[in-house]
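Here's a quick tour of a few ring pairs and strand pairings, plus one serine. Have the viewer open and follow along.

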Amino acid sequence: PEWAKLDNRFLELKPGESRIVNLAMAPDFGVQGDFTISLDVVPEKGRLKAVHDFNVNVRKCNAVAVNIIEDKSRVCNGISGSFETIIKNIGEIENEFRLGMQAPGWVTLGQAGPVFKLKPQEEKRLFIRMDPGLDVAPGTEKVRVGVSTTDESSVTAFSEDTIEVEIVGVE
(Lines give C-alpha, C1' and ligand atoms only; values in the text may rest on other atoms or scores of the structure.)
Protein backbone atom coordinates (compact mmCIF):
# COMPACT_ATOMS: atom_id res chain seq x y z
CA PRO A 1 0.00 0.00 0.00
CA GLU A 2 1.02 3.62 -0.59
CA TRP A 3 1.04 4.38 3.14
CA ALA A 4 3.93 1.93 3.81
CA LYS A 5 7.35 3.32 2.94
CA LEU A 6 10.96 2.40 3.65
CA ASP A 7 13.14 5.13 5.13
CA ASN A 8 15.95 4.01 2.79
CA ARG A 9 15.40 2.53 -0.63
CA PHE A 10 19.09 1.88 -1.33
CA LEU A 11 21.79 0.55 1.00
CA GLU A 12 25.38 -0.28 0.35
CA LEU A 13 26.60 -3.20 2.46
CA LYS A 14 30.03 -4.73 2.72
CA PRO A 15 30.34 -8.52 2.96
CA GLY A 16 29.07 -9.71 6.36
CA GLU A 17 27.62 -6.29 7.24
CA SER A 18 24.00 -5.75 8.29
CA ARG A 19 21.86 -2.65 8.82
CA ILE A 20 18.43 -1.85 10.17
CA VAL A 21 15.88 -0.36 7.78
CA ASN A 22 12.71 1.27 9.08
CA LEU A 23 9.35 0.61 7.48
CA ALA A 24 7.08 3.58 8.24
CA MET A 25 3.34 2.93 8.09
CA ALA A 26 0.88 5.83 8.11
CA PRO A 27 -2.52 4.73 6.81
CA ASP A 28 -5.08 7.44 6.12
CA PHE A 29 -8.07 7.83 8.40
CA GLY A 30 -10.74 5.29 7.50
CA VAL A 31 -8.26 2.69 6.22
CA GLN A 32 -8.61 -0.56 8.09
CA GLY A 33 -8.17 -4.27 7.51
CA ASP A 34 -5.44 -6.82 6.83
CA PHE A 35 -2.66 -5.97 4.41
CA THR A 36 0.43 -7.78 3.13
CA ILE A 37 3.55 -5.73 2.61
CA SER A 38 6.27 -7.35 0.56
CA LEU A 39 9.93 -6.36 1.02
CA ASP A 40 12.19 -7.32 -1.88
CA VAL A 41 15.96 -7.08 -1.41
CA VAL A 42 17.77 -7.21 -4.72
CA PRO A 43 21.57 -6.95 -4.96
CA GLU A 44 23.13 -4.63 -7.48
CA LYS A 45 25.41 -7.47 -8.60
CA GLY A 46 24.55 -11.12 -8.52
CA ARG A 47 21.34 -13.05 -8.78
CA LEU A 48 20.30 -13.67 -5.19
CA LYS A 49 17.06 -12.05 -4.17
CA ALA A 50 15.47 -12.01 -0.70
CA VAL A 51 11.72 -11.55 -0.28
CA HIS A 52 9.93 -11.12 3.03
CA ASP A 53 6.20 -10.56 3.47
CA PHE A 54 4.82 -8.69 6.48
CA ASN A 55 1.22 -9.08 7.57
CA VAL A 56 -0.19 -5.82 8.92
CA ASN A 57 -3.55 -5.35 10.64
CA VAL A 58 -4.76 -1.74 10.60
CA ARG A 59 -7.39 -1.20 13.27
CA LYS A 60 -9.96 1.53 13.81
CA CYS A 61 -8.51 3.41 16.81
CA ASN A 62 -10.58 6.62 16.49
CA ALA A 63 -14.24 6.16 15.60
CA VAL A 64 -17.61 7.40 16.78
CA ALA A 65 -21.25 6.70 15.87
CA VAL A 66 -24.25 8.98 16.36
CA ASN A 67 -27.76 7.54 16.32
CA ILE A 68 -30.88 9.64 16.75
CA ILE A 69 -33.43 7.04 17.89
CA GLU A 70 -36.28 8.35 15.71
CA ASP A 71 -36.25 9.64 12.15
CA LYS A 72 -39.08 12.10 12.83
CA SER A 73 -40.48 13.98 15.81
CA ARG A 74 -43.43 16.29 16.46
CA VAL A 75 -43.60 19.20 18.86
CA CYS A 76 -46.25 21.85 19.41
CA ASN A 77 -45.14 25.47 19.42
CA GLY A 78 -45.19 26.80 22.98
CA ILE A 79 -44.67 23.29 24.43
CA SER A 80 -41.33 21.57 25.22
CA GLY A 81 -40.28 18.24 23.79
CA SER A 82 -37.11 16.20 23.33
CA PHE A 83 -35.58 13.46 21.25
CA GLU A 84 -33.05 10.82 22.29
CA THR A 85 -29.60 10.55 20.76
CA ILE A 86 -27.02 7.83 21.43
CA ILE A 87 -23.33 8.53 20.90
CA LYS A 88 -20.99 5.54 20.99
CA ASN A 89 -17.21 5.34 20.88
CA ILE A 90 -16.73 2.52 18.37
CA GLY A 91 -12.96 3.04 18.29
CA GLU A 92 -10.32 1.20 20.29
CA ILE A 93 -9.07 4.05 22.48
CA GLU A 94 -10.65 6.41 25.00
CA ASN A 95 -11.41 9.74 23.38
CA GLU A 96 -12.84 13.14 24.15
CA PHE A 97 -15.71 14.10 21.86
CA ARG A 98 -17.39 17.39 20.98
CA LEU A 99 -21.10 17.53 20.22
CA GLY A 100 -22.45 20.06 17.73
CA MET A 101 -25.77 20.77 16.04
CA GLN A 102 -27.17 22.49 13.01
CA ALA A 103 -30.60 23.44 14.27
CA PRO A 104 -32.97 26.33 14.92
CA GLY A 105 -32.22 28.34 18.08
CA TRP A 106 -35.07 26.66 19.97
CA VAL A 107 -33.26 23.29 19.83
CA THR A 108 -30.64 22.98 22.61
CA LEU A 109 -28.49 20.39 24.31
CA GLY A 110 -30.49 20.72 27.53
CA GLN A 111 -28.33 19.63 30.47
CA ALA A 112 -25.82 17.78 28.30
CA GLY A 113 -22.39 19.36 27.98
CA PRO A 114 -20.91 19.73 24.50
CA VAL A 115 -17.63 17.94 25.44
CA PHE A 116 -17.35 14.51 27.08
CA LYS A 117 -15.08 11.45 27.27
CA LEU A 118 -16.00 7.92 26.27
CA LYS A 119 -14.05 4.70 26.75
CA PRO A 120 -13.97 2.15 23.90
CA GLN A 121 -17.46 0.77 23.24
CA GLU A 122 -18.96 3.13 25.85
CA GLU A 123 -22.07 5.07 24.89
CA LYS A 124 -23.77 8.22 26.10
CA ARG A 125 -27.51 8.87 25.88
CA LEU A 126 -28.54 12.48 25.40
CA PHE A 127 -31.93 14.11 25.25
CA ILE A 128 -31.90 17.07 22.89
CA ARG A 129 -34.45 19.64 24.03
CA MET A 130 -36.95 21.37 21.72
CA ASP A 131 -38.70 24.55 22.92
CA PRO A 132 -40.38 26.22 19.96
CA GLY A 133 -41.99 29.44 21.15
CA LEU A 134 -45.48 30.52 20.20
CA ASP A 135 -43.87 32.73 17.55
CA VAL A 136 -42.43 29.71 15.71
CA ALA A 137 -44.49 29.03 12.60
CA PRO A 138 -45.80 25.51 12.00
CA GLY A 139 -43.72 23.57 9.52
CA THR A 140 -40.82 21.16 9.29
CA GLU A 141 -37.20 21.66 10.35
CA LYS A 142 -34.20 19.37 9.99
CA VAL A 143 -31.92 18.99 13.00
CA ARG A 144 -28.44 17.62 12.41
CA VAL A 145 -26.43 16.29 15.38
CA GLY A 146 -22.71 15.74 14.83
CA VAL A 147 -19.91 14.45 17.04
CA SER A 148 -16.15 14.66 16.45
CA THR A 149 -13.01 13.88 18.39
CA THR A 150 -11.37 16.86 20.07
CA ASP A 151 -7.74 15.76 20.00
CA GLU A 152 -5.23 17.92 18.18
CA SER A 153 -3.80 15.11 16.06
CA SER A 154 -4.41 14.92 12.36
CA VAL A 155 -6.82 12.02 12.93
CA THR A 156 -10.39 13.21 13.52
CA ALA A 157 -13.33 10.85 13.82
CA PHE A 158 -16.73 12.29 12.89
CA SER A 159 -20.29 11.02 12.69
CA GLU A 160 -23.68 12.69 12.30
CA ASP A 161 -27.38 11.90 12.13
CA THR A 162 -30.46 13.91 11.18
CA ILE A 163 -34.01 14.10 12.48
CA GLU A 164 -36.96 15.85 10.88
CA VAL A 165 -38.96 17.88 13.40
CA GLU A 166 -42.54 18.85 12.64
CA ILE A 167 -43.75 21.95 14.47
CA VAL A 168 -47.49 21.85 15.04
CA GLY A 169 -49.38 25.08 15.79
CA VAL A 170 -51.43 25.35 18.96
CA GLU A 171 -54.94 26.72 18.47
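Helices (H or I, at least four residues) and strands (E, at least two) are DSSP runs, numbered from the N terminus. With that in hand, Ser 73 can be placed in strand 6 (residues 72–76). Two notes on the setup. This is a predicted model, where local features need pLDDT of at least 70, side-chain atom pairs count only at pLDDT 80 or more, and totals for chains, interfaces and linings use all residues. Residues are numbered from 1 along each chain as its sequence is written, and side-chain values use heavy atoms, with hydrogens and water left out.

Back to Ser 73: is this residue buried or exposed? Ser 73 is buried, at a relative accessible area of 10%; buried means under 20%, exposed over 50%, and partly exposed in between (1.4 Å probe, protein chains only). Setting aside neighbours within four places in sequence, Ser 73 is in contact (heavy atoms within 4.5 Å) with Met 130, Ile 163, Glu 164, Val 165 and Glu 166.

Now the rings. Rings of Phe, Tyr and Trp (its six-membered ring) pair if their centres lie within 6.5 Å; planes under 30 degrees apart count as stacked, over 60 as edge-to-face and the rest as tilted. That rule gives 2 aromatic pairs.

| Pair | Centre to centre | Angle between planes | Type |
|---|---|---|---|
| Trp 3 and Phe 35 | 5.1 Å | 90° | edge-to-face |
| Phe 97 and Phe 116 | 6.3 Å | 35° | tilted |

The pair of Trp 3 and Phe 35 links distant parts of the chain, 32 residues apart: Trp 3 sits in the segment before strand 1 (4–6), and Phe 35 in strand 3 (residues 33–41). Trp 3 counts as buried at 14% relative accessibility, while Phe 35 is partly exposed at 24%.

As for the other pair, Phe 97 belongs to strand 8 (residues 95–102) and Phe 116 to strand 10 (residues 115–118), so these rings tie together parts 19 residues apart in sequence. Both Phe 97 and Phe 116 are buried. Phe 116 also has Lys 124 over its face, 5.3 Å from the ring centre; a charge sits over a ring if NZ of Lys or CZ of Arg is within 6 Å of the ring centre and within 35 degrees of the ring normal.

The backbone joins those strands too. Two strands pair if DSSP finds at least two bridges between them, and strands 8 and 10 run antiparallel with 4 bridges. Asn 95 stands opposite Leu 118 in strand 10. Strand 8 also pairs with strand 12 (residues 139–149), antiparallel over 6 bridges, and there Met 101 has Val 145 as its bridge partner.
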